Every structure is written in C-alpha cells, then in structure tokens.
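Please open the model in your viewer and keep the sequence panel beside it. Each stop below suggests a selection and then describes what is found there.

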Amino acid sequence: MSVSPYKEINTYPVKLISPDASIYDPQFSEMAFFCKTWGYLKYHSSFQNSFEYFDKYVIENINSPADFTTSLTDNLIDEAFLRQMEERQPKQYADTAHHKIVYDPSWMKNSRFGNDFENRLKQYTSYKTKAQKGVDKYVSDLPQDVFFTNTSLDSYNEKCLLIFKLWNIVEYFYPHKWNMDADWSQSLEEAITALNNHVDIDFIIQRMVAQMNDSHVVLLDLDYQKWYYGDGIFKKFPFYLELIGNQIYFSNQLEIDSLGKYQGKKVTYYNNMKATDIIDSLATMVSASNENGLCYLIESSLNQAINHPALGDSIIKLKFENGTEAHFARVSASFQTVSPTKSSYLPEDTLFSREIGYLNITKRIKLQKKIRKYKDTKAIILDLRGYPQINGFEIPKLFSKDPKTVAQFYHNSSNNPGNYIQGSEVTYFETGFFRAFVNLIFRGINTGLFPMRIFDYEGEIIVLIDENAISYSETIGMILQAYVPNLTFVGRNTAGANGNVLEVDLPGNYKFQFTNLDFRYPDNSHIQGEGIVPDVFIKKEVGYSKKETDPILEAALGIAMEN
C-alpha cells in the first residue's frame with residue numbers, strides 16, 4: 001500500500017494587533033498587574049461568595065484607567081485576606097509530583113509591592129474552608145461564576161470585568177497554552193491597550209480567544225444565537241463556499257437550477273472586500289487547533305457570515321473571477337441539507353462490490369451487531385467524519401481479551417487552580433460482573449447471547465477521517481488505534497481538540513467554552529493540536545462538498561481493493 005507523504009501542520013500566526021498596541025504607559029501596566037492579582041485571588045479563594053465579591057470589586061472601584069493604582073491592588077489583597085481568615089484551615093494538596101503548572105507565576109515577583117508580595121499571595125492561598133476538605137476534584141464547570149453576565153458592556157468597568165474574567169479563566173483552566181502562537185500575558189496587555197484606545201470590546205475578546213488555537217472554542221453572545229438558530233432552524237445561504245488553500249470557490253450543493261452557472265467558480269470579492277483579505281483576517285478571528293481545523297472554521301464563518309464585519313448579516317454580494325456579480329439572501333434550512341460532512345449523506349451500512357463493508361459510525365448503529373455482518377469481507381470501512389453515535393466501550397472487547405492503554409490525562413485541580421493532576425490511564429475496557437450482566441441483558445437482545453465474543457477479523461479496517469472529526473470522534477479514533485490490528489486511517493487530520501470542555505458565562509451575555517482536560521496518547525504525545533494523522537492523506541479539491549463527490553471514500557475503496 002502506498003502512503004502519501006503528509007505535510008506537517010503549521011498553524012496560521014494568530015496575533016492580536018490593536019491600534020498603538022506597542023505603546024504602553026504605566027497606567028496600562030498597572031491595569032494588567034491588577035488583573036493578574038485579582039484573578040489569582042479570585043480563583044484561589046475559599047471564602048463564601050468569593051466570586052461575587054471579586055466581580056463587585058471591579059464594578060464598584062473602576063471607572064477609568066486612572067483608577068488602577070498600587071493602592072487599589074494592595075487594598076484588594078488586604079480585604080480579601082481578612083475575609084479568607086474567617087474560616088481558616090490549612091489547605092491539603094495532592095501529591096505535587098504528579099502535578100504540572102499551566103499558568104505563569106513570574107508576575108508575582110514585582111518589586112513595587114516589596115520582596116514579600118509573592119509570599120503574601122501564597123499565604124493568602126495556604127488556607128481553605130471546611131467545605132473544601134476531601135479529594136481534589138476535577139473542575140468541570142464554574143457554576144458560581146455567573147455574576148454580571150447580563151451587563152450591556154456600555155461602561156468601562158463592565159468591559160474591564162469581561163477582559164479580566166476571560167483572561168484569568170484561560171490562564172488557570174486551559175492546559176494547552178503551549179499550542180498558542182502568542183504569549184498570553186502579552187495578549188492581556190494588548191487587549192488592555194486596545195480597550196483604552198476605544199477598540200470595540202466584541203472585537204477585542206474575539207481576537208483574544210482566537211489566540212488559544214483550540215477548535216473547541218466557542219464564543220457566542222445569546223442575542224446572535226437566538227437570531228441564527230431561531231426556532232431550531234438554521235438560517236444559511238442556499239449554496240456552500242469551499243475554501244481550497246487561500247481561495248474561495250462556489251458550490252451549488254443543493255443543485256438549484258438558477259445557481260448552476262456559478263458551480264466551481266472562484267470568488268474574488270465578498271461584500272466588496274477581496275476574498276484573500278477576508279481569509280487572512282478571519283485567520284486571526286477564529287480559534288483552531290491546527291491548519292485543517294482553521295480552514296474548516298474559516299469556511300464555516302464564510303457560510304454563516306460571522307466572525308468578521310465585512311461578512312454582513314442576511315444578504316451577501318459575491319463577485320466571481322469572470323467579473324460576474326450576484327446577491328444572495330439567507331434561507332431557513334435544516335443543518336443536514338447544507339452540511340459539508342460527507343458521512344451525513346451516506347447510509348448506516350452498505351456493501352461495496354460484495355467484498356467491502358461500510359459502517360457509518362456517525363449514525364446511531366449497534367456496532368457489535370453490524371460489524372459481524374461483514375466478517376467474511378476483504379475490508380471494513382468505518383466512517384468517522386463527524387460526531388460518532390456509538391458507544392466507545394463496545395470497541396475494546398470486540399478485538400481484545402485484555403485491556404490496553406488508550407490514553408492518559410491531566411485534570412485541573414479544584415483546590416489549586418492552574419495546577420493539573422495526572423489521572424489514571426484510560427483503557428475503555430469494561431470489567432466486572434455487573435457490567436457483564438448488563439451487557440447480557442440489554443445487548444444480548446439484539447446481538448446474541450454472548451455479544452462480547454472477540455471479532456476475529458483477518459481483513460483490513462479502514463477509518464475515514466477529516467476536520468469534521470473532533471473531540472469524542474478523536475477518542476473513538478484513539479480506541480481503534482489501541483485495539484484494532486490492520487488499521488489504516490484515510491483522509492485529513494482530525495480537528496485536534498479532544499478532552500472535556502469547560503463552559504462559562506461571561507459579562508455581555510457571552511457563552512464561552514474551551515478544552516479543559518489535557519488528554520494525551522499513552523506515550524505522552526499530544527492529540528491536541530495535531531489531531532489524528534492519516535496514513536493516507538487526501539487533500540481537498542474544488543467540488544468536494546458536492547454530494548456525489550467523495551475522494552476520501554473513493555481512496556479507501558481503492559486501498560481495500562488493492563489488498
């Protein structure tokens with residue numbers, strides 16, 4: 001089998017470039033220092049209602065850049081420490097040998113506050129309340145951090161609170177800053193400079209989260225969410241714009257007769273702005289783990305007309321390379337109608353040429369029953385280009401009598417934010433009498449008396465992947481890698497964003513989510529960023545989004561027939 005050479009992914013340089021971003025006066029530096037002190041104290045606090053207290057401190061004490069002084073920061077520390085002393089007990093941390101620190105504490109060594117500033121902060125966080133006793137749990141949400149979420153963002157203090165909360169949540173609860181193109185502390189200074197130069201706050205925070213380089217990132221205000229989704233129906237355009245390299249092409253995906261003349265044509269202008277300029281600009285406005293994910297998100301932004309002021313709302317104007325211009329309006333349609341996800345067009349299972357089985361695991365199927373249908377075939381193709389609807393725990397016992405390590409992970413510390421604790425190795429191999437009994441009762445109905453018997457398959461199993469495979473899809477891919485012999489991945493890198501997400505509410509009615517769990521391969525290499533790398537790489541070509549075109553599936557069929 002010939003394997004195509006795969007080019008190493010290089011993410012686009014995503015940087016926050018604000019007007020006069022290089023000009024910092026002492027007030028702005030003091031503002032950044034206050035933000036870091038405020039966030040450290042807030043997320044390491046253990047007194048009751050601490051989240052509300054710290055948010056109120058910003059709202060009640062800040063009205064202009066001039067309010068950020070040394071005394072403002074000093075008073076915050078003293079007041080918070082007095083509250084902390086009310087239920088004073090020593091904190092009990094887990095074994096630090098299995099910790100890794102994901103935040104930068106270097107700012108604590110600040111001479112303006114004297115040599116003991118770092119010790120003061122550490123003394124503050126060396127105590128905990130009775131409620132914090134016990135096991136150091138994984139932080140999956142911040143349910144109490146919901147104050148001032150309904151603010152209009154009209155006032156200076158509300159905008160400061162939004163920037164401060166966003167920056168500190170990423171600082172202490174995002175484990176993949178190694179994948180960022182820019183220094184996160186510098187991003188804070190640039191965001192503050194942009195705010196004090198009257199740059200639009202929505203633009204500032206969009207550019208901040210873009211630097212996270214995480215395809216799990218969602219930053220959406222509720223007003224847009226209500227308009228876009230309406231009553232459960234998506235408002236999209238009656239065509240699809242394909243991004244190939246740095247060029248945009250028109251796809252008459254719905255095969256509308258009046259749009260047939262534009263099929264495959266290159267788009268040179270989008271709402272009077274050069275298409276290449278929009279692409280370059282969007283690359284700094286969306287957060288993506290790798291190049292495939294970035295192209296996918298830019299493409300989604302073009303088709304949804306979001307993330308850039310030039311994209312417009314309900315109507316767009318396109319200009320093609322032959323000089324033709326056309327206006328298009330959004331229509332209400334189901335997601336499946338206009339989705340470029342190939343797996344959504346294909347059946348649950350089928351047989352090609354009587355010797356190659358195909359299973360679409362992005363649809364709700366009983367994997368153990370379906371896969372055994374193809375035990376006598378040359379190859380089985382599993383389509384993973386989308387979000388899987390199968391139970392990943394079914395896979396290990398199909399192929400192995402013994403557990404194998406699929407992944408290891410680090411989770412954030414509830415007692416000590418910014419520290420990540422190594423968890424147990426993950427096998428996804430179900431054991432125990434109770435689980436066997438459940439399998440027998442509930443799965444045996446459809447799959448035979450002993451559905452967990454080994455699927456002793458001698459053929460090749462080919463997995464189809466692309467940028468639509470994200471999160472749990474990548475977990476399924478990792479399980480297959482650990483347990484399935486004769487496995488080949490065909491397509492393009494997956495999105496490179498795996499692990500549980502943390503969703504938080506921010507001022508201005510923003511919903512913000514990002515990868516919160518550090519999920520890795522057993523050898524400690526990252527799935528985040530690179531994603532699952534295909535053995536056979538299939539690049540995008542013009543017209544790939546058309547229903548009748550599927551180069552990845554065609555390549556997999558060719559490989560299956562060769563072997």
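The tour goes from a sheet and its helices to a buried strand, a loop, the nonpolar cores and a last helix.

Before selecting anything, note that this is a predicted model, in which local features need pLDDT of at least 70 and side-chain atom pairs count only at pLDDT 80 or more, while totals for chains, interfaces and linings use all residues. Residues are numbered from 1 along each chain as its sequence is written, and side-chain values use heavy atoms, with hydrogens and water left out.

**The open sheet**

Helices (H or I, at least four residues) and strands (E, at least two) are DSSP runs, numbered from the N terminus. Select the six strands that form an open sheet, which come in the order E11-E12-E13-E16-E17-E21 with mixed pairing; two strands pair if DSSP finds at least two bridges between them. The edge strands, each pairing on one side only, are E11 (349-352) and E21 (536-537). At the E11 edge, E11 is antiparallel to E12 (residues 356-360) over four bridges, and Thr 350 has Tyr 358 in E12 as its bridge partner. Strands of a sheet pair through backbone hydrogen bonds, either parallel or antiparallel.

**Two helices across the sheet**

Next select helix H16 (residues 551-562), which lies across E11, E12, E13, E16, E17 and E21 and runs at about 165 degrees to E16; axes are lines fitted to C-alpha atoms, for helices over the stretch in contact, and angles run from 0 to 180 degrees between N-to-C directions. Contact means heavy atoms within 4.5 Å. In H16, the residues Ile 552, Leu 553, Ala 555, Ala 556, Leu 557, Ile 559 and Ala 560 are buried, where buried means under 20% relative accessible area, exposed over 50%, and partly exposed in between (1.4 Å probe, protein chains only). Then add helix H15 (residues 472-483), which lies across E13 (379-383), E16 (460-465) and E17 (487-491), at about 145 degrees to E17.

**A buried strand**

Is strand E14 (408-412) enclosed or open? Five of its five residues are buried, so E14 is largely enclosed by the rest of the structure. Gln 408, Tyr 410 and Asn 412 are buried on one side of E14, and Phe 409 and His 411 on the other. E14 pairs in the antiparallel sense with E20 (residues 518-520) over three bridges, where Tyr 410 is matched with Asp 518. Three bridges also join E14 to the antiparallel E15 (residues 419-422), and these two strands form a hairpin with six residues between them, in whose turn Gly 418 has a positive phi of about 95 degrees.

**The loop before E14**

Select Asp 402, in the loop between helix H13 (396-399) and E14. Leaving aside its neighbours within four places in sequence, Asp 402 is in contact with Phe 429 and Tyr 483.

**The nonpolar cores**

A nonpolar core is a set of buried Ala, Val, Leu, Ile, Met, Phe, Trp, Tyr and Cys residues joined through side-chain atoms within 4.5 Å. Select Phe 34, Phe 164 and Phe 512, which touch the most other members of the largest core, a set of 64 residues. The largest share of this core, twelve residues, comes from helix H5 (residues 156-173). A second, separate core of 38 residues includes Leu 359, Tyr 428, Phe 429 and Ile 465.

**Last stop: helix H9**

Finally, select helix H9 (residues 275-282), whose buried residues are Ala 275, Ile 278, Ile 279 and Leu 282. These residues pack against E4 (240-244), E5 (247-251), E6 (266-270), E7 (273-274) and helix H10 (291-304).
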